[in-house]
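Trainee: Before I rely on the labels used for this protein, could you take me through how each of them is reached?

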Amino acid sequence: MNYQETLEWMFQQLPMYQRQGKSAFKKDLTNIKAFCEHLNHPEKNFKSIHIAGTNGKGSTSHMLASVLQEAGYKVGLYTSPHLKDFRERIKCDGKEVSEEFVVEFIRANKCFLETQKLSFFEMTVAMAFQYFSAQEIDVAIVEVGLGGRLDSTNIIIPELSVITNIGLDHTQFLGNTLAEIAKEKAGIIKESIPVVIGQSHGETRFVFEQMAASKNAPVFFVDQEKELLYPLDLKGSYQQKNARTVLQCINVLKTKNFYISDEAIKFGLVHVVSNTGLKGRWQILQEQPMVICDTAHNFDGLCIVMEQLKALPKKELHIVLGVVSDKDLGSILPLFPKDARYYFCRPHIPRGKNAAELAAEAKKYNLYGKIFPSVKKAYNTAFQCIEKGDVLYVGGSTFTVAEII
């Protein structure tokens with residue numbers, strides 16, 4: 001198989017949560033443990049940092065990778081989902097894994113994968129570990145896919161665990177309360193391994209303190225009120241919180257014999273995009289008229305993004321909106337501005353929500369606009385309608401953003 005055929009085999013033949021939803025979710029680490037044993041445990045050949053959380057874990061992962069690269073470390077970065085190309089998930093010093101490696105990895109292990117019926121996510125996690133081992137990296141930043149306790153990434157013994165925050169998302173898998181979700185994400189806390197908590201409150205703080213105590217793990221809660229003294233190239237207002245979490249991580253890593261100078265921190269935080277290739281986080285696609293996209297898709301994430309969007313000076317606001325079918329619209333639609341022109345669309349994945357159904361739901365919250373059969377048609381129409389001084393925002397789902405960048 002060539003690269004495209006390999007991807008099609010991975011996407012179509014095996015379950016994939018991002019495409020199918022709940023039916024692809026496996027609450028079991030048996031497969032990933034067996035596969036890594038089959039590969040002779042590549043995950044044991046490098047140091048790692050494990051990052052979980054409801055929001056911000058992707059940005060935090062990229063920021064930390066950028067700083068460590070500036071500090072002179074060879075850094076592996078595993079994140080999900082991808083926006084344009086599968087290879088975005090697996091990077092070394094900001095460069096994507098080669099097509100040849102992906103093809104050869106699947107070819108060499110196809111028999112095992114088919115026999116054991118590994119999920120898409122399980123095979124990609126193991127692929128990342130194998131690639132990082134082959135590249136002889138110094139440290140890997142490993143982002144949790146979903147939850148924590150039973151996520152496929154949770155077989156590593158990291159130098160540091162990080163939980164950015166807790167919000168109500170993926171409740172069908174993780175629980176219906178913040179405490180239940182916190183308990184799942186706290187499952188990445190390991191025996192005697194320090195853990196950094198980006199944001200918490202009484203209900204979740206107790207869960208983290210209790211889990212950390214049971215594991216004899218030092219726990220560090222980030223002071224999110226502390227002044228941030230470093231400029232950022234990531235312009236979403238929520239990135240201030242992520243950056244403070246990164247700075248606390250760096251302080252902990254320094255106690256574990258990582259050498260990270262103030263200059264590396266400064267340059268790392270201001271060159272995240274160029275160092276790591278991060279996309280889709282308050283990404284300004286053009287300035288005049290301003291076009292912005294953002295992958296925020298749950299209540300906590302959209303709260304901050306919508307406040308920033310509403311604060312922008314503008315004549316008229318245009319919003320291209322597409323979501324997935326299992327999204328709790330009752331929690332997110334009230335956050336969107338009522339004075340915007342909407343272009344409702346469906347992301348091109350099986351889980352994409354019908355645009356007419358989305359428009360009908362939006363109408364209940366006084367959000368009005370036109371219905372389009374695809375993201376591209378919605379975006380092209382909106383782009384033709386905007387004038388100087390207007391703002392066009394594209395969002396609602398990672399998959400909506402992926403189709404226009």
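**Labels and their cut-offs**

Mentor: Four bridges join β10 to strand β14 (residues 391–395), and the two run parallel. This is a predicted model, in which local features need pLDDT of at least 70 and side-chain atom pairs count only at pLDDT 80 or more, while totals for chains, interfaces and linings use all residues. Residues are numbered from 1 along each chain as its sequence is written, and side-chain values use heavy atoms, with hydrogens and water left out.

Trainee: What makes β10 and β14 a pair?

Mentor: Two strands pair if DSSP finds at least two bridges between them, and strands here are DSSP runs of E with at least two residues, just as helices are runs of H or I with at least four, numbered from the N terminus. Four bridges join β10 to β14, so the pairing rule is met. Within β14, Y393 is the bridge partner of I292.

Trainee: How do you know that β9 pairs with β10 as well?

Mentor: Three bridges join strand β9 (residues 283–286) to β10, in an antiparallel arrangement, and I284 stands opposite I292 in β10. The two strands form a hairpin with three residues between them. In the loop between β9 and β10 sits P289, and the peptide bond from Q288 to P289 is cis, with omega near -5°.

Trainee: Why is Q69 called buried?

Mentor: Buried means under 20% relative accessible area, exposed means over 50%, and partly exposed lies in between (1.4 Å probe, protein chains only). Q69 has 17%, and therefore counts as buried. Q69 belongs to helix α4 (residues 57–70), and, with contact meaning heavy atoms within 4.5 Å, Q69 touches V75, D93, G94, N275 and T276, not counting residues up to four places away in sequence.

Trainee: Why is S192 called partly exposed, whereas W282 is called buried?

Mentor: S192 has a relative accessible area of 38%, which places S192 between the two limits, so the label is partly exposed. W282, at 5%, is under the 20% limit and is therefore buried. Phi is positive in both of these non-glycine residues, near 65° for S192 and about 40° for W282.

Trainee: How do you know that C303 is in no disulfide?

Mentor: A disulfide is a pair of cysteine sulfur atoms within 2.5 Å, and by this rule the count comes to zero disulfides. For C303, the nearest cysteine sulfur, that of C293, is 20 Å away, so the criterion is not met.
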